[in-house]
Amino acid sequence: MAADIQRLSPGDVIEGFRLDELLRTGGMSSIWRVSQTDADYPVILKIPFLRYDGDQLSIVSFETEKIILPRLHGPHFPHFVAAGSYNNPFIAMEFIAGTPLETWLEQLPLEIDEVIRLGVKIATALQKLHEQHVIHLDLKPDNVILRPNGDAVLIDYGFARHDRLPDLLAEEFDDPVGTGPYISPEQVLGVRSDPRSDLFALGVILYFLATGKQPFGDPMRIAGWRRRLYVDPVPPRRLNDKISPWLQEIILRLIEVDPNDRYPTAAQLAFDLQHPQQVLLTARAEKMTASGFIKTLSRWLKLRRNPPFAGLKRQLASAPIIAVALDLADRSPQLPEAIRTATQGILATVPNARLACLYVFKISRVQIDEMQDETGRNIFLRRLAELEHWSQPLAVDKEKVTYQVLESVDPAAALIHYARENMIDHLIVGARASSTVRRYLGSVSAKIVAEAPCTVTVVRSKAQV
Amino acid sequence: MRIALLSDIHANREALEACLGHAAEMGAERYIFLGDYVGYGADPEWVTDKIADYVAKGAIALLGNHDAAVFRPDAHMNDIATAAIEWTRTRLNARQQAFLQSLPLQKQEDDVLFVHASADSPEAWHYVTDSAAARRTFEASKARLIFCGHVHVPCIYRITTTAKVIEFTPADSTPVELSPIWRWLNVIGAVGQPRDRLPAAAYAIFDTARNRVAHYRVPYDTAGAAAKIRAAGLPDVLSARLLQGY
């Protein structure tokens with residue numbers, strides 16, 4: 001018995017779920033609010049329209065979502081509740097009480113700060129998705145909901161890909177699947193294994209939010225989708241002069257034809273959106289007209305020569321964000337040197353790593369105000385210079401390194417917070433050698449090892465022991 | 001019901017012990033052995049007795065080509081395999097040989113078929129090494145799920161509604177849903193002689209309630225198993241390949 005939408009009405013019960021209210025009817029499914037569940041949160045039922053007379057896409061995408069959604073965990077994905085079999089198809093999941101991203105589309109272009117805020121939230125959710133082996137492959141405003149606390153939730157996994165499971169969609173259909181404005185060039189060419197396809201879609205979303213225009217329009221046919229392989233979009237600053245060069249740099253980098261020219265990970269994108277002064281500007285930032293046909297054609301040819309087939313895990317692993325915390329005020333030179341040697345070793349294995357150098361400075365509560373005046377400003381600048389000086393021998397490309405000063409009464413807590421906010425993969429810290437100092441200040445490294453949401457390397461200088 | 005599927009043990013006691021231990025930890029409630037208990041390895045008696053014990057307790061064991069060669073010479077076997085079988089024959093007593101002789105070629109339960117080699121003439125021992133061979137197996141059986149061994153390399157095949165046969169290399173320890181929309185063929189890797197350049201023993205667990213299969217790799221004492229093969233005077237290549245998984 002295939003579910004027939006015409007015959008479902010409020011009060012009907014499907015495997016213990018009582019249909020309360022039809023929330024929406026889309027092209028491939030209807031969504032009902034339901035009651036009588038054991039979950040301690042509101043639940044919806046997604047009921048696909050399955051026609052067994054040849055509508056394979058809806059069947060395969062139903063199966064795909066049914067397999068992928070239960071494997072996702074965390075605040076950025078709806079909790080999976082239950083699913084029915086293919087002769088009684090439904091997926092029960094958490095109802096996200098929030099605001100769909102579509103709501104923002106009514107007031108385009110948005111304030112730039114709002115575009116950035118949304119960009120960070122969606123990039124964070126994408127990173128969490130990719131870390132769980134899944135590529136969304138149909139990211140668009142309809143599939144993003146913002147929770148009241150600001151977290152972005154990604155919904156609809158009908159076209160998604162889990163990199164450790166068979167891709168049910170890939171071989172079943174000869175035509176690419178996706179949505180006109182947002183589908184990436186490599187998806188148009190049939191590649192469904194690159195997490196940077198989601199970054200392309202996010203670039204299109206940010207472009208749209210910031211300008212009110214879709215960079216590649218809304219082509220309905222696949223022939224139209226292919227145009228993004230060789231037609232360069234109008235630079236967003238041309239459409240909205242409030243867009244700063246650094247934001248244009250980020251957006252245009254996201255919608256590059258070749259995935260290798262985009263951000264390597266969503267975490268690195270979120271990092272740049274939150275540290276605009278650290279974004280290295282290229283010709284993209286100042287561009288005011290679309291590139292000519294020949295220029296974009298050469299990019300397309302490059303893409304065809306090097307078909308992107310990165311593999312999700314390898315892609316994430318090759319581009320971690322590494323943060324190294326230094327206390328250069330401690331005048332012993334051995335520890336910073338030991339930390340540099342350790343950092344060098346770690347960087348050598350990951351060519352696309354992003355390095356954040358942090359000057360961690362413990363201050364007392366009374367000092368907080370003092371740091372605001374001019375002397376404080378000078379101290380701040382001097383510390384940045386010291387950091388830069390420390391990192392010189394590492395010879396990291398300019399666009400891959402940032403410098404920051406973290407001042408806190410509780411350096412360990414500040415570092416843990418920083419690691420979480422910036423989705424740091426690997427944190428390198430020094431261990432204080434002197435037990436006297438440790439007694440007074442507490443062991444920062446021990447607290448970090450215990451609580452940081454990432455890999456932590458604690459460096460100790462042998463010369464100090 | 002979680003069913004452990006073990007194939008191509010090839011008289012490798014160390015590998016079988018490791019897999020049985022792993023399967024028990026994973027909550028296996030039932031065992032199906034897909035054939036080739038002997039040949040190549042140094043412990044045919046111990047392995048045959050172990051399988052017979054499991055069968056006495058309700059497990060299913062199918063016949064493999066090496067098991068059959070113990071009581072019926074196989075002209076298709078290469079010299080090394082033949083040498084190993086001749087040595088094996090001298091080691092197995094009448095009871096052990098009779099046990100091997102009693103094993104069926106295949107077993108069907110509802111819409112699930114278990115077989116050592118291809119379902120397409122199981123006694124011909126065809127290898128399911130590619131989509132074309134998988135298609136012949138799909139065409140020979142009506143079963144929705146087919147589990148076989150014989151190839152020594154794990155693989156999952158699916159035949160789509162448009163009759164395309166799609167190949168997938170399973171990721172270690174990741175359960176794969178065998179969606180009832182399609183028919184699936186799982187080639188279970190070898191416990192006793194893996195050939196995909198990964199020396200760890202291979203087996204799988206089919207979870208009937210959740211309709212999922214997980215292929216596992218279990219590291220074991222390859223050096224110990226290889227040393228016994230050398231000590232038994234079996235061809236050197238049989239010990240060397242265990243260390244490399246080829």
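So, chain A and its domains: the assignment splits chain A into domain 1, residues 5–94, domain 2, residues 99–316, and domain 3, residues 320–464. Keep in mind that this is a predicted model.

Let's look at the first pair there. The centres of domain 1 of chain A and domain 2 of chain A sit 28 Å apart, going by C-alpha atoms. Where those two meet, 19 residues come from domain 1 of chain A and 21 residues from domain 2 of chain A. What does the domain 1 side look like, in terms of nonpolar, polar and charged residues? On the side of domain 1 of chain A that touches domain 2 of chain A, you get 11 nonpolar, five polar and three charged.

Okay, over to chain B. In terms of secondary structure, chain B has eight helices and 12 strands. Its C-alpha atoms fill a box of roughly 50 × 35 × 35 Å along the principal axes. The radius of gyration of chain B is 17 Å, and that agrees with a compact globule, because one with 246 residues would come out near 18 Å. As for burial, 49% of the 246 residues in chain B are buried. And if you take the contacts in chain B between residues at least 6 apart in sequence, 72% of them join residues at least 24 apart.

Last bit: how do the two chains touch? We have 14 residues of chain B in contact with 11 residues of chain A. On the chain B side, strand S7 (155–159), strand S8 (165–168) and strand S9 (176–177) each supply at least two residues. By type, that side of chain B divides into seven nonpolar, four polar and three charged residues.

Conventions
Residues numbered from 1 in each chain as written. Chains lettered and ligands numbered in written order. Predicted model: local features only at pLDDT ≥ 70, side-chain atom pairs only at ≥ 80, totals over all residues. Helix = DSSP H or I, 4+ residues; strand = E, 2+ residues; numbered from the N terminus. Rg over C-alpha atoms; globule rule 2.2 N^0.38 Å. Buried ≥ 20, exposed ≤ 12 C-beta atoms within 10 Å, placed from the backbone. Contact = placed C-beta atoms within 7 Å. Nonpolar A, V, L, I, M, F, W, Y, C, P; charged D, E, K, R; others polar. Domains from an automatic or database assignment.
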